[in-house]
Amino acid sequence: MMMLLKAWALTVSLGAAPAPARTLLRIEERDLDGASHVVGPGVAILDISSTLNIGVDRAALLERVQASAPGSSSQELVQDLLQLQSFLNEGAGAGLKPLEQALSEWAREGGTPAANAKLQGAYRQWGQSSLQVMEYAHRSLSGGDPRRARLREALNVALERNAGASIEQLYATITQVGAEEARRLRGELEEVLREEGVSVQMGAWVTTRGEGSRPVHLPNFDTYEPQGRVDIERFKILLSEEQKAQLRQADQLARDLQSRRFSGALGPEARERLAQLFSSTRACVGALREQLDAFLRGKDPTTQRLRAAAETTRAQLESYGVFMDGLAAKYRAPPSTASSADFLIGTNEDLDEAARRTRQSVEQFSVLLTALNAQAAGLDEVGKRLLKQLTECRQTFTTDVGSVLQTLTSVFQTLAGAQSIHTAALELGAEVLRLALEDLPESTTLDLADAGRRAPGDTVVLKFALRRGERPAQELEVRHLQLQRVLVHLETVVGLIFAQQPRDMGGSSTSRFQVAPAYSVLFKGASRTSGFWNNVLTPGIGANLSALDFDKDGTPELGAAVTLALFRDFVQVGYGYNVFRDRGYLFFGVGLPLPVLGFSAGASRATSAGSVP
């Protein structure tokens with residue numbers, strides 16, 4: 001006892017230094033290859049089929065609880081518990097490992113002076129935590145803290161009981177008494193926090209580009225039903241039905257490109273269909289303008305009462321007609337850009353403005369219709385014809401034009417990348433359990449295959465929150481885990497290639513390149529650290545199969561090639577061999593941003609839709 005007190009008296013002040021900020025959630029990823037990866041803070045990248053083991057750092061949680069409500073009755077308890085736990089953890093971790101190593105070396109070297117010295121030093125380091133516990137208990141002498149006085153009394157009893165024991169046994173006794181006091185403090189704290197109405201919640205969501213956000217089940221943390229299991233095959237090479245349709249569309253597009261020399265991916269049929277859409281209102285606009293003009297020429301009292309509404313409707317109609325005629329002319333003119341991306345963005349803006357103006361016109365038609373119906377008894381034949389024409393035009397604009405514009409606008413917004421994910425709006429639903437600290441599970445497991453449909457680029461969001469009574473939840477930590485196909489896998493990609501055709505194969509074409517439908521089977525993998533690699537570069541290497549026709553006889557010829565794909569498969573280059581004609585060829589491939597109106601395209605750009613559900 002005196003030896004320990006002397007040692008403690010010789011130590012420098014061992015007051016607890018403030019702990020560095022640390023993450024609240026401990027996340028470990030286990031992938032399909034059996035490898036484990038610690039998931040760090042910030043936006044982390046995970047494999048789309050991994051399993052996550054999620055634990056809560058209780059010491060970090062207590063620190064957040066302490067900081068969340070200064071002055072509450074739990075503050076002092078939290079501070080004492082955290083300080084005592086830090087001393088005990090240092091002894092169990094940082095001090096015990098060097099001691100184990102020193103003991104092993106001492107056994108190997110047979111007790112040499114050097115081994116003895118190292119072992120003694122390790123004992124001293126291991127004993128530091130015991131001295132810290134002694135110092136912690138001693139503070140009760142001046143402060144009168146009953147909890148520390150309780151610890152000091154327990155230490156005195158234990159050390160008296162072990163009088164004459166070795167220094168190592170005394171160190172272990174002090175650590176054991178400190179651990180028992182920590183358990184008592186934890187029980188007292190949990191009781192106080194229960195009285196204060198403190199509880200915690202953790203929720204999880206999958207946020208996708210196509211479906212928005214949906215909650216997923218975390219065992220022991222909520223009562224949500226598990227999502228349907230969706231396993232994503234790593235080495236699938238068969239074309240899906242969707243990709244077969246893409247390949248047929250690519251074949252038709254290749255024929256169109258070969259025969260008509262389209263500029264870029266936007267052909268005349270596409271532009272003409274858009275032009276027809278924008279000019280489809282012309283007949284209704286013209287007929288309604290005539291009826292409005294005839295009505296406004298009338299001199300009877302009913303016409304005079306409705307003149308203001310009719311004038312406003314005519315002005316609205318004139319502006320709408322000029323705008324839609326301008327769009328029709330724009331889309332019948334030669335394309336101003338060969339860039340498919342520019343086309344998508346520009347068309348999205350045109351469609352959005354057309355939809356807005358159509359809604360405004362329908363609203364004005366409704367205003368005039370209401371006024372006409374209120375005066376129906378006094379309307380002459382001109383007024384009745386206006387009422388009938390106005391009703392027909394409102395129906396046309398609402399159903400035929402309005403619905404088509406709304407649908408197309410949403411399609412082009414998706415293609416142009418206009419949809420975004422706002423995880424800040426995610427709220428913990430009623431199904432998420434409110435857990436007292438003593439009921440908080442040590443960990444939970446999230447198998448991503450049980451999280452339902454997902455695709456590369458989707459995000460898993462974890463939120464851990466603190467509640468006090470019925471006050472709104474206070475977010476303590478939010479983690480964003482981006483899903484990618486990190487492990488090596490196969491993707492099947494459909495698109496077009498431009499193959500360098502031999503000059504001596506006959507035919508009337510003067511082009512050096514032949515356009516052909518093709519698909520590639522690519523080995524790919526993603527990075528756990530680089531967003532540029534995953535979202536921009538996206539390299540893949542593999543085999544490309546194409547349907548060539550070098551001799552222009554209408555019979556497909558099989559082309560087999562080695563290819564490198566980059567930039568989300570928009571760019572492919574490689575060297576192939578025409579099996580039927582015994583000719584080699586260089587080629588480059590492009591991923592077309594389908595669907596494009598005019599090609600009856602229900603497919604997207606060359607993509608791996610068959611690989612990811």
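This report walks through the predicted model of one protein chain, from its overall make-up to a few of its strands and helices.

## The chain as a whole

Let's start with the big picture. The protein chain has 613 residues, and 45% of them count as buried. Its secondary structure comes to 14 helices and 15 strands. The accessible surface is about 29,800 Å², with 56% of that area belonging to carbon and sulfur atoms.

How do parts of the chain meet? Among contacts with a separation of 6 or more, 71% are between residues 24 or more positions apart.

## How confident is the prediction?

Since the model is predicted, it helps to look at the confidence score. The average pLDDT of the protein chain is 75, and 71% of the residues score at least 70.

Two stretches deserve some caution. Over residues 260–267 the pLDDT stays under 50, and the model has 20 contacts beyond four places in sequence for this stretch. Residues 593–613 also stay under 50, and for them the model has 81 contacts beyond four places in sequence.

## A closed barrel

Six strands form a closed barrel in the order 10-11-12-13-14-15, with antiparallel pairing. On average, neighbouring strands of this sheet are turned by 35° against each other, direction ignored. As background, strands of a sheet pair through backbone hydrogen bonds, either parallel or antiparallel.

Now follow the barrel strand by strand. Strand 12 (residues 540–548) is joined to strand 13 (residues 557–566) by nine bridges, and the two run antiparallel. Here Ala-543 stands opposite Val-562 of strand 13. Strand 13 is in turn joined to strand 14 by eight antiparallel bridges, and Ala-565 has Gln-572 in strand 14 as its bridge partner. Strand 14 also pairs with strand 15 (residues 583–590), again in the antiparallel sense, over eight bridges. In this pairing, Tyr-577 stands opposite Gly-584 in strand 15.

## Turns and faces around strand 14

Strand 14 takes part in two hairpins. The hairpin of strand 13 and strand 14 has four residues between the strands, and Phe-567 in the turn has a positive phi of about 55°. The hairpin of strand 14 and strand 15 also has four residues between its strands, with Asp-582 taking a positive phi near 55°.

Which residues of strand 14 are buried, and which are not? On one face of strand 14 (residues 571–578), Gln-572, Gly-574, Gly-576 and Asn-578 are buried. Val-571, Val-573, Tyr-575 and Tyr-577 point to the other face and are not buried. This fits a general pattern: in a regular strand the side chains alternate between the two faces of the sheet.

## An open sheet

The model also has an open sheet of four strands, in the order 2-1-4-7 and with antiparallel pairing. Strand 2 (36–39) and strand 7 (443–447) are its edge strands, each pairing on one side only. From one strand to the next, the twist averages 25°.

Within this sheet, strand 1 (residues 25–30) and strand 2 run antiparallel and are joined by four bridges. Arg-30 has Ser-36 in strand 2 as its bridge partner.

## Two helices to look at

Helix 2 spans residues 58–68, and its buried residues are Ala-59, Ala-60, Leu-61, Leu-62, Val-65 and Ser-68. At the start of helix 2, a side-chain oxygen of Asp-57 comes within 3.1 Å of the backbone nitrogen of Ala-59.

Ala-309 lies in helix 11 (residues 301–332). Leaving aside neighbours within four places in sequence, Ala-309 is in contact with Gln-364 and Leu-368. Ala-309 and Ala-371 are 62 residues apart along the chain, and their C-alpha atoms are separated by 7.9 Å.

Methods:
Residues numbered from 1 in each chain as written. Predicted model: local features only at pLDDT ≥ 70, side-chain atom pairs only at ≥ 80, totals over all residues. Heavy atoms only, no water. Buried < 20%, exposed > 50% of the residue type's maximum accessible area, 1.4 Å probe, protein only. Contact = heavy atoms within 4.5 Å. Areas by Shrake-Rupley, 256 points an atom, 1.4 Å probe, with all protein chains shown as cover. pLDDT = per-residue confidence, 0-100. Pairing = 2+ DSSP bridges. Axes fitted to C-alpha atoms, helices over the stretch in contact; angles between N-to-C directions. Polar contact = N/O pair within 3.5 Å; in protein donor to acceptor, adjacent residues only side chain to side chain.
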